[in-house]
Amino acid sequence: MASLANILRQIAEPDTQAAQKASERLDSLVKPLGSLGRLEQLAIQLASIRGNQPLHFPSKEVLVMAADHGVWQEGVTPSPQVVTAIQAVNIVQGKAGVSVLARAAGAQVTLIDCGIIGADIPGTLNHKVAQGTGNIATGPAMTREQAESLLIWSAERVIAKAESGLSLLAVGELGMANTTPAAAMVAVLTGAQPAQTVGLGANLPPDRLAHKISVVEKAIAVNQPDPSDAMDVMAKVGGFELVAMAGAMMGAAAAGIPLVLDGFLSYASALAACQIAPALKPYLIPSHLSAEQGATLALEALGLTPYFDLNLRLGEGSGAALALPLIDAACAIHNEMATLAECQIEL
């Protein structure tokens with residue numbers, strides 16, 4: 001296994017010349033300057049990542065990280081814990097929301113079992129660290145050693161996928177009660193109060209929100225995570241799938257491929273990943289504005305503006321999958337539109 005420092009050393013700065021060339025190309029197209037707005041900015045960002053390679057992404061994949069959480073025992077979600085395993089099977093079988101949306105976008109879906117309670121699930125990429133995390137309301141989610149090992153493992157998997165031809169990666173997650181550790185991570189890493197970051201998750205009754213906030217407050221008080229040490233934060237109040245997503249972000253940047261974020265859970269992972277590896281931020285593409293409480297706060301801390309807001313809160317990577325056709329569209333505009341000169345238009 002490579003060291004984390006070795007992985008981070010592989011992250012290259014974006015290609016400013018490629019970005020400038022793409023900008024000039026877009027300005028020469030048969031349209032008013034800047035009239036395609038953020039679609040043009042997306043094309044420029046993608047060009048800066050691709051460098052001198054053609055601006056298209058023939059091999060796209062959504063990695064869904066899945067794990068269970070000890071904090072489920074605190075009653076922070078009405079969903080039975082076994083739903084994690086049930087939905088993991090649905091994803092593997094192509095029946096879940098992310099499966100359908102990724103298929104429509106021409107992307108593969110791979111589910112990584114980082115810690116689902118129960119037997120191994122056929123069809124998953126199995127890296128079960130443990131049978132769920134510890135209960136963050138009473139102690140740490142995992143050891144620091146477990147967090148660092150999982151982070152590196154996830155980064156290495158993405159690097160290996162890129163070496164085998166993967167050109168664009170999106171991330172998602174699955175785990176009953178996982179908005180609780182995500183809210184804890186966002187609170188610690190941004191300095192916000194839990195009341196600002198804790199939301200209803202998938203289907204928490206509003207009259208239970210105060211209880212969920214108190215659980216996050218207790219988790220932070222019990223574990224005392226260090227806001228300046230993202231690895232400590234992930235180990236103490238995070239989750240296996242949150243750590244794995246952060247590792248995937250580092251691996252994508254090290255491999256020189258774009259990484260599409262999903263919703264609130266991925267924002268939490270990105271906050272941790274960007275603290276450890278600030279150089280990876282230009283590789284991140286925010287898909288949608290999560291409907292979860294704390295989403296705007298987390299995105300502001302990241303300095304990212306999502307491309308659409310459909311009031312999504314499914315998770316799984318569903319929002320990231322929806323962004324893939326937008327990426328294809330940005331590439332098509334850059335590659336296929338005629339120029340003003342070709343149309344004999346002088347401005």
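Me: How much space lies in the second largest pocket?

Reply: Rolling a probe the size of a water molecule over the atoms shows where empty space is left. In this predicted model, the second largest pocket holds about 200 Å³ of space. Its lining consists of 13 residues, and those closest to its centre are A18, K21, G51, Q53 and H334.

Me: Which elements give two or more residues to the lining of the second largest pocket?

Reply: They are α2 (16–27), α3 (37–50) and α14 (318–336). Of these, α2 gives the most, with four residues. By character, the lining of the second largest pocket divides into five nonpolar, five polar and three charged residues.

Me: What volume does the largest pocket have, and which residues are the closest to its centre?

Reply: The volume of the largest pocket is about 460 Å³. It is lined by 32 residues, of which N178, T179, A202, R313 and L314 are the closest to the centre. Two or more lining residues come from each of α4 (83–92), β4 (168–174), α7 (179–190) and α12 (264–276). The lining of the largest pocket comprises 13 nonpolar, 13 polar and six charged residues.

Me: The strand β4 appears in that lining. In what order do the strands of the sheet stand?

Reply: A sheet is read strand by strand, from one edge to the other. Here six strands form an open sheet in the order β3-β2-β1-β4-β5-β6, and the pairing is parallel. At the edges stand β3 (125–126) and β6 (284–286), each of which pairs on one side only.

Me: How many bridges join β4 and β5, and which residue stands opposite V260?

Reply: Strand β5 covers residues 259–261 and pairs with β4 in the parallel sense over two bridges. The residue opposite V260 in β5 is A170.

Me: Which strands do helices α6 and α14 lie across?

Reply: To place a helix against a sheet, one names the strands that it crosses and the angle between directions. Helix α6 (residues 144–163) lies across β1 (60–67), β2 (108–115), β3 and β4, and runs at about 160 degrees to β1. Helix α14, for its part, lies across β1, β4, β5 and β6, at about 130 degrees to β5. This same α14 also gives two or more residues to the lining of the second largest pocket.

Me: Where does T305 lie, and with which residues is it in contact?

Reply: T305 belongs to the loop between α13 (295–302) and α14. With neighbours within four places in sequence left aside, T305 is in contact with R38 and P286. From V98, T305 is separated by 207 residues in sequence and by 22 Å in space, C-alpha to C-alpha.

Me: How many helices and strands does the chain have, and why is it described as compact as a globular protein of its length?

Reply: The secondary structure comes to 14 helices and six strands. The radius of gyration is 20 Å, close to the 20 Å that the globule rule gives for 347 residues, so the chain is as compact as a globular protein of that length. Along its principal axes, the C-alpha trace spans about 70 × 40 × 40 Å.

Methods:
Residues are numbered from 1 along each chain as its sequence is written. This is a predicted model: local features need pLDDT of at least 70, side-chain atom pairs count only at pLDDT 80 or more; totals for chains, interfaces and linings use all residues. Side-chain values use heavy atoms; hydrogens and water are left out. On a 1 Å grid over the protein atoms alone, a cavity is a set of points where a 1.4 Å probe fits but cannot get out, and a pocket is an open set with protein on both sides within 12 Å along at least five of seven lines; lining residues have an atom within 4 Å of a point. Grid points are joined across faces, edges and corners, and a volume is the space filled by probe spheres set on the points. Ala, Val, Leu, Ile, Met, Phe, Trp, Tyr, Cys and Pro count as nonpolar, Asp, Glu, Lys and Arg as charged, and the others, Gly among them, as polar. Two strands pair if DSSP finds at least two bridges between them. Contact means heavy atoms within 4.5 Å. Axes are lines fitted to C-alpha atoms, for helices over the stretch in contact, and angles run from 0 to 180 degrees between N-to-C directions. The radius of gyration is taken over C-alpha atoms; the globule rule is 2.2 Å times the number of residues to the power 0.38.
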